4 protein chains.
Amino acid sequence: MARPPKARVPLKLAALQLFVERGVHATGIREIAKHAGCSEAALYRHWSNKDDLVDKLFREHLVEVTDLLQRAITAETSIKAKIEGAVRACYTLYDEQPLVFRFVLLVQHEVSKNLGSDQRTPHDVVIELVEEAKRAGEAKGDAVVLAAALVGVFLQTATYVLYGRLPGPLSTYTAPVTATALKILK
Amino acid sequence: MARPPKARVPLKLAALQLFVERGVHATGIREIAKHAGCSEAALYRHWSNKDDLVDKLFREHLVEVTDLLQRAITAETSIKAKIEGAVRACYTLYDEQPLVFRFVLLVQHEVSKNLGSDQRTPHDVVIELVEEAKRAGEAKGDAVVLAAALVGVFLQTATYVLYGRLPGPLSTYTAPVTATALKILK
Amino acid sequence: MARPPKARVPLKLAALQLFVERGVHATGIREIAKHAGCSEAALYRHWSNKDDLVDKLFREHLVEVTDLLQRAITAETSIKAKIEGAVRACYTLYDEQPLVFRFVLLVQHEVSKNLGSDQRTPHDVVIELVEEAKRAGEAKGDAVVLAAALVGVFLQTATYVLYGRLPGPLSTYTAPVTATALKILK
Amino acid sequence: MARPPKARVPLKLAALQLFVERGVHATGIREIAKHAGCSEAALYRHWSNKDDLVDKLFREHLVEVTDLLQRAITAETSIKAKIEGAVRACYTLYDEQPLVFRFVLLVQHEVSKNLGSDQRTPHDVVIELVEEAKRAGEAKGDAVVLAAALVGVFLQTATYVLYGRLPGPLSTYTAPVTATALKILK
DNA sequence: AATGAATGAGATTTCATTCAT
DNA sequence: AATGAATGAAATCTCATTCAT
């Protein structure tokens, strides 16, 4: 076995932190390398360029969040429990690893991503959840409109905590957000 | 007596459009000037640098949106009519001048803004509306949590239209968003 | 009679002050005009460009200092009184109008001036004074070498006051500088 | 392991020469890089900006001159020999490396330097020499006033050679300047 | 007569990337 | 394998000067 790459993880952590703190465009290779404690050229050993780093990082974390969400939903049977589990899982992730959560949100605004249609996203998972609720007679209306409302309540509450309009930790709001989501569906 | 300013308005329009289309960081002074049909240096007569332009532009349009919202709310008496008026006013603005609306949304994510505590924002207006609803017995719960939910539904619906997940025009969704808002408050 | 130009004197004062404080190169037309309380274009009504302003200002003040020095020397008869008068006149000018004095010194370092050979300078006046002293038997040695020493003592004392190494006002040092000058000549 | 720096020394030499020939403000990064045979960006790997380059260069050469002066003084025992050694050392440096000497003189006029109080300067060395002379009974009067006179004679003679008022080389004037210095102290 | 808007040229600085060791 | 020096291109910004009113 070849010796494991040493700079890869520090580079990813540094990039994640700086991208979230300053934005993708505003963060330079120099800064990432300095924070990671390695050289600038080391980055090019692991990714072909900066765009590639951003892209790979985004996909990894998007998959992570999507899977987390899917597992939380699959683990429960009732619609209410599914929603509550999904909210709790994501809000706990936010409280424990705020960078991951914020990075996924941020990149969508800064970079236009072509994900490829085969890549499932959190939005897809929410849509499916709403459709399942409709089939179960627990929701009425256009699935996408409902999904937009659910995602909106979920994200904006997180945003308010992020910007200090609401006191944290975010997981505190699992119950009210779940309750609101159920009201919206009915 | 002096030559009247000719480049100011074109520069603002060009900046607004390009910032929205490509992002603030990704838009250069050169492009703004080219779109405005003037020299790059002209920009520096009206704003002290690029950041200043972004800041001033943001504040102007934030005031514009805040006032629009406030007027729509003041014009009506019932809570339901106030919410419907507010949603319709903003969504119509979006349909007619999408750049203004999107710019205000965009910049919050790209730039960390110190607005100064005296500057009223749309969030403040929404909070006051929720508190009024509570006094009228038409809402229950923490005002900020409720406001976050309302703003979330409102914005995420707009975002879905923006990214093509929902078909436009946005003002189509005035009624369902209003209905959802009322459900959330109760 | 035409109305007198209103911006000329303020512009000269502003330029003098800023040139001394920040250096000629580092001072822009914008700043000069702002300090003078007039427009940038006004400067071009009085001087053909920035270099012309620097040049004219330098010549005026050089003539002023040269004449001051010459008059002080001519007014006295003994060598000692001539030197003392010259030192006192210049040091008093420095105390009363430090900008004029410092500007004349500064410009020589920042700008290479072609004065034209017909323009008398303070150095010429000093050389003549030394030659007169030699004819009177009150000095020995090469006139230029002696002049360099005299000017050196004179200027460096002023420089030390300027930079705070010696306490002011500068005219306090008239007597010791004069005494030193006489020692040097003998 | 990394590529060894190739541009650092050429950049310093080019900057020294151009700063002296044309002045600091009048010398551009482009010219420095062209003279050094490297790109403009190379400069920013070694100094954080132009001001930093000027500052570092000044400090280095100031230390060099201060040390030279101090060694020359320490090497001798009598006051006269100390002064003569100091003058000769500096004037020889000027003749052999005029750029270093002139740069140190030039920058003081162009840039306001905050050296920090721990940095010894040639002025400090001269003051100490004068105080030693006073303790040895070979000088009378205020030490700083005397130092100003010594430094003035020393520098102005160099300046006259520099501007062609006196024929060079400068070390020719070691004896007369030393003699004048001794007269001043007594 | 006087303004301040506008400009072209050029300054400094930053950036992602490549290169030599 | 890994570094940090070097680079070309482009970014932001400054400047003295001219222009239109």
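**Group meeting talk: one chain, a pair of chains, and a DNA strand**

Let me begin with chain A, where buried residues make up 37% of the 186 residues, and let me say at once that what we are looking at is a predicted model. Chain A has 9 helices and 0 strands, and if you follow the chain from the N terminus onwards, the elements read α-α-α-α-α-α-α-α-α. Its C-alpha trace spans about 55 × 35 × 30 Å along the principal axes. If we take the contacts in chain A between residues at least 6 apart in sequence, then 61% of them join residues that are at least 24 apart.

I would now like to turn to two of the chains together, C and D. How many residues of chain D are in contact with chain C? There are 24 of them, and they meet 24 residues of chain C. On the chain D side, the elements that give two or more residues to this surface are helix H6 (98-110), helix H8 (143-162) and helix H9 (174-185) of chain D, and the largest share, 11 residues, comes from H8(D). Sorted by class, the residues on this side of chain D divide into 14 nonpolar, 7 polar and 3 charged.

How are the two chains placed with respect to each other? In general, two copies of a chain are related by a rotation about an axis and a shift along it. Here, a rotation of 179 degrees, with 0.2 Å of shift along its axis, superposes chain D on chain C with an RMSD of 0.3 Å, and that is the relation of a two-fold axis. Which C-alpha of chain D is nearest the axis? It is that of Gly152(D), which is 2.0 Å from the axis. The same surface serves both copies, since 100% of the contact residues of chain D recur in chain C.

Finally, let us look at the DNA, and at strand E in particular. There are 40 residues around DNA strand E, and those that come nearest are Gly28(A), Ala2(B), Ala41(B), Ala41(C) and Gly28(D). The elements that give two or more residues to the surface near this strand are helix H3 (40-46) of chain A, helix H3 (40-46) of chain B and helix H3 (40-46) of chain C, together with helix H2 (29-36) and helix H3 (40-46) of chain D. Which element gives the most to that surface? It is H3(C), with 4 residues. By class, the surface near DNA strand E has 21 nonpolar, 6 polar and 13 charged residues.

Note on methods: Residues are numbered from 1 along each chain as its sequence is written. Chains are lettered from A and ligands numbered from 1 in the order in which they are written. This is a predicted model: local features need pLDDT of at least 70, side-chain atom pairs count only at pLDDT 80 or more; totals for chains, interfaces and linings use all residues. Two residues are in contact if their C-beta atoms, placed from the backbone, lie within 7 Å. Ala, Val, Leu, Ile, Met, Phe, Trp, Tyr, Cys and Pro count as nonpolar, Asp, Glu, Lys and Arg as charged, and the others, Gly among them, as polar. Copies are superposed by least squares on the C-alpha atoms of residues with pLDDT of at least 70 in both. A residue is near a molecule or strand if its C-beta atom, placed from the backbone, lies within 6 Å of it. A residue is buried if 20 or more other C-beta atoms lie within 10 Å of its own, exposed if 12 or fewer, and partly exposed in between; C-beta atoms are placed from the backbone.
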